[in-house]
Amino acid sequence: MSNDFKSDIIDLFSYKMGGHVQKYCYGGDARPDGTTGSKLWHDFVTAHEHYYPIRDEIASVPMLLANLGRRYDNIIDFGIGDEAAIRSKMIPILRLQEKLKYFTAIDFSRKSLDDSLGILRREMPEININGIQGDFYHTHKVKGSNRLGLLFGPNISNQDMMVGEKLPYGTIVERLGILASTVRGDASGHLVVSIDKIPDLRKALKAYEHPYWNSMMTGLAYDIQSKLKPEGDFSPSLWHYEPVLDQDNHVVQHTLAPSLDQNFTIDDYEFDIKKGEQFVVLNSFKFPLDLFMGMLEDAELSNNRIIANSNDHPMVFVESAV
Ligand SMILES: C[S@@+](CC[C@H](N)C(=O)[O-])C[C@H]1O[C@@H](n2cnc3c(N)ncnc32)[C@H](O)[C@@H]1O
């Protein structure tokens, strides 16, 4: 990961991109305080009562199960996550299947793959379980002939965008097309994506007001220090978390900003960053349902339908044929 990490961080501090570094927030490398991204994510999701997306997805699982097909031979999990995700969402879906031979998980995080696939191997030894460590926004070749791809979490919310930019509609459409092509391969199947449709970003923000979320974001500054060893006065403890609400573009942006000027170099790149400048670590898009259905159509996915949507929860599952 180190070479990509370096160029991703250089792009971040050069204002070429924002949000693309979210993938490092869930990693398994220990920081000076002993935390890891994957453990912080797990602790955050389980400890914070206002973090609704995962809880609401789980609450909608019965509705999802009632509307899902039962004859898939491979289930592909884009971004596997932690034990809770496996036990409360994935295992019930796998158990529903009458013809299941394979389970394929694609995730950047080696630790999440090892931990969660270990649970699955113990719980469902009859299935052939494959882990692919990599980017699910690249097309991957997977087994089976009738496949179901799942993007939960809600991972589609994490898209690249800097502060002040417009919602990256075209990129999201392209990425939906990539996920569909992995699921389709040389056969066919369905893709189910969960989205967060909460309209009020102030309400949404409450979901992130927790010390573990802060540590997930500021942890990036410590990773930069330990992996890239910037020269100059880069000081991880001077970077703090600052959320930005952009209602027009339906996004809560999670940024890092220094509380004192930071002047440092990484390789030949010199950065002169002023107090208060904002760098986006992660975006949480909250998609209006009609906007998202339009994206699926523009990605040329067919039979797009909402398969679980409750008025009491902001989370919605949408299915497309691929
Ligand atoms: C927000 S968690 C969601 C996990 C799980 N699906 C759930 O329902 O809780 C994101 C997971 O997806 C992985 N991930 C995020 N973006 C990725 C990408 N582009 N390619 C591969 N893995 C990615 C992260 O490493 C992490 O394990």
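**Exercise 1. The ligand shell**

How do the residues of the shell around the ligand divide into nonpolar, polar and charged?

*Solution.* First, the ground rules. This is a predicted model: local features need pLDDT of at least 70, side-chain atom pairs count only at pLDDT 80 or more, and totals for chains, interfaces and linings use all residues. Residues are numbered from 1 along each chain as its sequence is written.

Step 1. Find the shell. A residue is near a molecule if its C-beta atom, placed from the backbone, lies within 6 Å of it. 19 residues surround the ligand. The closest are Gly79, Gly81, Ala85, Phe152 and Gly153.

Step 2. Sort by class. Ala, Val, Leu, Ile, Met, Phe, Trp, Tyr, Cys and Pro count as nonpolar; Asp, Glu, Lys and Arg count as charged; the others, Gly among them, count as polar. The shell then splits into nine nonpolar, six polar and four charged residues.

Step 3. Locate the suppliers. Helix H5 (83–96) and strand S2 (102–107) each give at least two shell residues. Helices (H or I, at least four residues) and strands (E, at least two) are DSSP runs, numbered from the N terminus.

**Exercise 2. The domain contact**

Identify the two domains, then describe the side of domain 1 that touches domain 2.

*Solution.* Step 1. Set the bounds. Domain 1 covers 2–49 + 203–284, and domain 2 covers 52–201 + 310–321. These bounds come from an automatic or database domain assignment. The C-alpha centres of the two domains lie 25 Å apart.

Step 2. Count contacts (C-beta atoms, placed from the backbone, within 7 Å). 33 residues of domain 1 are in contact with 22 residues of domain 2.

Step 3. Name the elements. On the domain 1 side, helix H2 (37–47), helix H8 (201–206), strand S7 (239–246), strand S8 (251–258) and strand S11 (279–285) each supply at least two residues. H2 gives the largest share, five residues.

Step 4. Classify. This side of domain 1 holds 14 nonpolar, 17 polar and two charged residues.

**Exercise 3. Helix H10**

Which residues of helix H10 are buried, and why do they line one face?

*Solution.* Step 1. Apply the cut-offs: a residue is buried with 20 or more other C-beta atoms within 10 Å of its own, exposed with 12 or fewer, and partly exposed in between; C-beta atoms are placed from the backbone. In H10 (residues 289–298), Phe292, Met295 and Leu296 are buried.

Step 2. Look down the axis. The buried residues of H10 fall within an arc of 100°, so they line one face of the helix. The arc is that of the directions from the helix axis to the C-beta atoms.

Step 3. Find the partners. These buried residues pack against helix H7 (169–184), strand S5 (188–196), strand S12 (302–309) and strand S13 (315–321).

**Exercise 4. Unusual backbone and a hairpin**

Locate a cis peptide bond and residues with positive phi.

*Solution.* Step 1. Recall the norm. Most residues other than glycine have a negative phi, and most peptide bonds are trans.

Step 2. Check omega. The bond from Gly153 to Pro154 is cis, with omega near -15°. Pro154 sits in the loop between strand S4 (146–151) and H7.

Step 3. Check phi. Asp267 has a positive phi near 50°. Asp267 is exposed, with 11 C-beta neighbours inside 10 Å. Asn303, in strand S12, has a positive phi of about 50°.

Step 4. Follow S12 onward. S12 and S13 form a hairpin with five residues between them. The two strands pair (at least two DSSP bridges) in the antiparallel sense over five bridges. Arg305 has Glu319 of S13 as its bridge partner.

Notes: Two residues are in contact if their C-beta atoms, placed from the backbone, lie within 7 Å.
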